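Please walk through this fold one piece at a time. Keep the sequence and the 3D view side by side as you read.

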Amino acid sequence: MAGIDVHLVDGTYELFRHHFAVPSHVTAEGVEVAAARGVLGSMLRLLKDGATHVGVATDKVIESFRNDLFDGYKTGEGTPPELFAQFPLLEAALEAAGFTVLAMVRHEADDAMGAAAVLAAADERVARVLVCTPDKDLAQVVDDDAGIVQVDRRREITYDAAAVVEKFGVRPESIPDWLALVGDTADGIPGLTGWGAKSSAAILARYGHLEAIPADPAEWDVAVRGATKLAATLVARREDAELYRLLATLDLAAPVMDDVEDLCWTGPADHFEDICSHLDAPRLAEMARRLAADRN
């Protein structure tokens, strides 16, 4: 089956996005379901638009192995309880709808998407891998030769390697280094003082990775304001920078599907209508039935 397009979706991001974007919906059982319904509907529309192989990554625990490496890394603190409660609900609804859920416990959804993207891209049956998330760190797996692109579905923007360079100023393989220097507030990575997006991009565009940056700013063959201070900071905090890069580097050995065909959507399970009934979403059950009928 040549020419497969594989869609890998950030289910955690989608759940958060829908929670803060759609009106609340509490069922007669007293359960908040608006975000879960929103994500489920979005995934069915992805199928309606032609997607055939879809993996939805989640990390309902929020914390991961990175919290053991750095105390300041992001946690689930502050997440609304009514949102937290929808993670298992969403996973159950997606699985009943026929989607493959890449549910992480020790890893993050980003690790799952990265690992699945590399695995899928290595399959000769796959034409493209679309990593559907706006998260900065996923830009590191964009690979023109492998056919891996990053897609911001909300903004309808697709990033190949050239687009990553245009957005960040560095190639995909330098994204972890860039995040180590600049920081990433979403993940709790503080970065290094004084290293802004532009200066970091200018230096990494020349040297690629942290270890290749000369300790002596006089050796830099790129003009950057405050080079002496930047170099001194990097020398003094080299171990911190390397830790931050480790935090920003995806674990491509995260447990995901065994084969691309594991992501093929073949239709909803028999109990999907019951799930939709609990979600007050009969239209989604009907939509899934029609999609399955059309593909058969």
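Two strands count as paired if DSSP finds at least two bridges between them. With that in hand, turn to the β5–β6 hairpin of this predicted model. Four residues lie between β5 and β6. One residue of the turn, E156, has a positive phi of about 60°. The two strands pair in the antiparallel sense, over three bridges. Look across from V151 and you find T158 of β6 standing opposite.

β5 has a second partner. β4 pairs with β5 in the parallel sense, over four bridges. Here V131 has Q150 of β5 as its bridge partner.

Is β5 buried or exposed? A residue is called buried when its relative accessible area is under 20%. Five of the five residues of β5 meet that description, so the strand is largely enclosed by the rest of the structure. Both of its faces are covered. I148, Q150 and D152 are buried on one side. V149 and V151 are buried on the other.

Now widen the view to the whole sheet. It is open and holds six strands, in the order β3-β2-β1-β4-β5-β6. The pairing is mixed. Which strands stand at the edges? They are β3, residues 100–103, and β6, residues 157–159. Each has a single partner strand, so one side of each is left without a neighbour in the sheet. Neighbouring strands are turned by 25° against each other on average, direction ignored.

At the β3 edge, the partner is β2, residues 53–58. These two strands run parallel and are joined by four bridges. T58 has A103 of β3 as its bridge partner.

A helix packs on this sheet: α6, residues 109–121. Which strands does α6 touch? The contacts take in β1 (4–10), β2, β3, β4 (126–132) and β5 (148–152). The direction of α6 makes about 170° with that of β1.

Finally, move to helix α9, residues 197–207, and pick out S199. Its relative accessible area is 14%. Buried means under 20%, so S199 counts as buried. What does S199 touch, not counting residues up to four places away in sequence? The answer is G194, V224 and L230. There is also a polar atom to find on the S199 side chain. The backbone nitrogen of G196 lies 3.1 Å from that atom.

Notes: Residues numbered from 1 in each chain as written. Predicted model: local features only at pLDDT ≥ 70, side-chain atom pairs only at ≥ 80, totals over all residues. Heavy atoms only, no water. Axes fitted to C-alpha atoms, helices over the stretch in contact; angles between N-to-C directions. Contact = heavy atoms within 4.5 Å. Buried < 20%, exposed > 50% of the residue type's maximum accessible area, 1.4 Å probe, protein only. Polar contact = N/O pair within 3.5 Å; in protein donor to acceptor, adjacent residues only side chain to side chain.
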